[in-house]
Amino acid sequence: MKSWMRGALAAAPLLALSMPAFAEEAKIDTGDTAWMMVSTIIVLMMTVPGLALFYAGMVRKKNVLSTLAQSFAITGLVSIAWILVGYSIAFGEGGAYFGDLSKVMLGGIAENWDKPFTLGSGDGAVAFTIPETVFVCFQMTFAIITAALITGALADRIKFSALMLFTLLWTLLVYSPIAHWVWHPNGWIFGLGALDFAGGTVVHINAGVAGLVGALILGKRIGYGTENLSPYNLAFAVIGASLLWVGWFGFNAGSAGAAGGRAGMAFLVTNTAAAAAAMTWMVAEWAIKGKPSVLGVISGAVAGLVAITPAAGFVLPGASLILGVVAGLAGFWGATALKHWLGYDDSLDAFGVHGICGIVGALLTGVLAYGPLSATTAAPEGTAGSTAQLLIQFQAVAAVFVFTAVATAILLKIVDGIVGLRVSEEEEREGLDVTQHGERLG
C-alpha cells in the first residue's frame, strides 16, 4: 500500500483511533486482506508472465529465451533478497534516508502474524487493517517488477551473471532506500509532502533512469541503426501488454491498502488513463507514419498505466483522461524522437516509456490532485494540485533521478570489474539463448 503518503492517510479509517486502542482492539479486516492478497497475485503476474512476454516479444528470436529467463530469475532473486534484508531497509524504522535492520529475515513478524500492523511509530505511525505478511508480499512484487523493468534497456547484450549480481546490489542499495524515502513515515520525501500513490518515483522513474544509465554504459547493440532488429513475435508482446494492463489494477487500486472507495477510484482512473494513452499513441503514429502499429498501441497503453501510477489515488476520471493523452504523446516522443536525437540504444524503451511517463505522471499529480480523495480528520481538505505541490513533486523527481543515475553507474562499474557486463561480439551475434543458457527456440 502506498497511500500512507502525506495527505493520503484517509485510506485507513483506523488511523482515527488512538494507538493503544488500536493495539488492544483492532482485528484483521478480512475483506481488505482478501483484496490485498488478490492484488499481490496480479502484481506478481505483471512480471511473470506479463513483462517477460512483453519484452520477449520485442527481441529477436535468438534472445527470446534469455529475455524470458531474465524476468523469471529476477523474480526469484528479488523475492529472496527482499525477505533477507530488502524489506528491512525499505520499511524498517530507521531515519530519513535508510531503514534499520530490525526486520532482517522478517524479524518480529512471528509475534503478530495474525494481527493488523502499524508502520512507523509516534505521531507519524500508520495503522493497517491487514497482517504484515500480506504487506511484505505486496511490497515484494513492486521490488520485483522494478528490477525487471530495467532489463528492457539492456536487452540482447548483457551477461546473465552480470545482470543477477547487478540486480541484487541495485535492489538493496537503490530500490529499497528510495522506497524508504517515499513510502515510510520517516522518509525524507514522505516528510516533504510529495505524492506518489503507487510508484511513479519509486518504480518507474527509478527503473527508467537505471535503464538509461545501463544502456549508455553498455553501449549500443551490434548492428543498431544498420541491421534489422525487428521484434521476433509481436503476439507475445500483445499478450504481455494485456497481462500488464490487467495486473496494473492490483498495482494501483491495491495501493489503497483496503477494499474501499479510494481503491475503486484508483481502479477507474487506471483503466481510463491506459485507454486514453493507447488511443493517443495510435492516432499520433497513424498521423505521422501513415499506419497505426500494433507495437505502438500496446506501448501507448503501458505509457498511460505508468503515468497514472503516482496519481491513481489522487485524481478524478477527467484528470486521468488528461494524464493519458499527455502520456501517450510523451511516450511516443520518448520512444522515437528523443532516443534518436540523443543516440542511445534503449533496446525496449525502458526509459522512453517508464522514465519519461513516470516523470510526466509524477509532475502532473501535483497539478491535478483532487483534495477530498486524500482528506483525513487531521487534514480535512486533503492535498490538492497547486504550484507549491508541483514544486514539491519536482524536488522528489529530481532527487530520485540524480540518486538513481549516480548509484546505478557506480554499481554497474563494480559489476563490470567483477564479472564483466557485456557478452563478446561473437556471443552477441550468436544470441544470448545459446551463449548464456545453452538452449534455443525450435
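**Exercise 1. Using a relative accessibility of 39%, state how Lys115 is classed.**

Solution.
- Step 1: Recall the cut-offs, by which buried means under 20% relative accessible area, exposed means over 50%, and partly exposed lies in between (1.4 Å probe, protein chains only).
- Step 2: Lys115 has a relative accessibility of 39%, so Lys115 counts as partly exposed.
- Step 3: Asp114 also has a value of 39%, and is therefore partly exposed.
- Step 4: The side chains of these two residues, Lys115 and Asp114, meet in a salt bridge at 3.4 Å, N to O. The term means a side-chain nitrogen of Lys or Arg within 4 Å of a carboxyl oxygen of Asp or Glu.

Some notes apply to every exercise. This is a predicted model in which local features need pLDDT of at least 70 and side-chain atom pairs count only at pLDDT 80 or more, while totals for chains, interfaces and linings use all residues. Residues are numbered from 1 along each chain as its sequence is written, and side-chain values use heavy atoms, with hydrogens and water left out.

**Exercise 2. Describe the chain as a whole: which elements does the chain have, and how compact is the chain?**

Solution.
- Step 1: Count the elements: there are 15 helices and 2 strands. Helices (H or I, at least four residues) and strands (E, at least two) are DSSP runs, numbered from the N terminus.
- Step 2: Compare the radius of gyration, 21 Å, with the 22 Å that the globule rule gives for 442 residues; the two are close, so the chain is as compact as a globular protein of that length. The radius is taken over C-alpha atoms, and the rule is 2.2 Å times the number of residues to the power 0.38.
- Step 3: Add the dimensions: the C-alpha trace spans about 65 × 45 × 35 Å along its principal axes.
- Step 4: Note that 58% of the 442 residues count as buried.
- Step 5: Look at contacts (heavy atoms within 4.5 Å). Of those between residues at least 6 apart in sequence, 79% join residues at least 24 apart.

**Exercise 3. Find which parts of the chain the salt bridges of Arg221 and Glu227 link.**

Solution.
- Step 1: Start from the total: a search of the whole structure finds 9 salt bridges. Side chains of opposite charge can pair when their charged atoms come close.
- Step 2: Arg221 and Asp156 form a salt bridge through their side chains, at 3.3 Å from N to O. This pair links distant parts of the chain, 65 residues apart: Arg221 is in the loop between α7 (200-218) and α8 (234-253), and Asp156 in the loop between α4 (132-154) and α5 (160-183). Both Arg221 and Asp156 are buried.
- Step 3: Glu227 and Arg429 form another salt bridge, their closest N and O atoms being 3.5 Å apart. Glu227 is in the loop between α7 and α8 and Arg429 is in helix α14 (residues 425-430), so this pair ties together parts 202 residues apart in sequence.
- Step 4: Both ends of the second pair are partly exposed: Glu227 at 38% relative accessibility, and Arg429 at 43%.
- Step 5: Shared partners join salt bridges into one network of Arg60, Asp156, Arg221 and Asp345.

**Exercise 4. Describe the surroundings of Trp35 and of Ile158.**

Solution.
- Step 1: Place Trp35 in helix α2 (residues 30-56). Its relative accessible area is 19%, so Trp35 is buried.
- Step 2: List contacts beyond four places in sequence; those of Trp35 include Phe249, Ala253, Gly254 and Phe267. Trp35 and Ala253 are 218 residues apart along the chain, with C-alpha atoms separated by 9.4 Å.
- Step 3: Place Ile158 in the loop between α4 and α5. At 2% relative accessible area, Ile158 is buried.
- Step 4: Beyond four places in sequence, Ile158 is in contact with Gln70, Leu163, Leu218, Leu421, Val423 and Leu432.

**Exercise 5. Examine the backbone at Pro49, Met105 and Asp156.**

Solution.
- Step 1: The peptide bond from Val48 to Pro49 is cis, with omega near 15 degrees. Pro49 is in helix α2.
- Step 2: Met105 is not glycine, yet its phi is positive, near 55 degrees. Met105 is in the loop between α3 (64-91) and β1 (116-119). With 54% relative accessibility, Met105 counts as exposed.
- Step 3: Asp156, also a residue other than glycine, has a positive phi near 80 degrees. Its relative accessible area is 3%, so Asp156 is buried.
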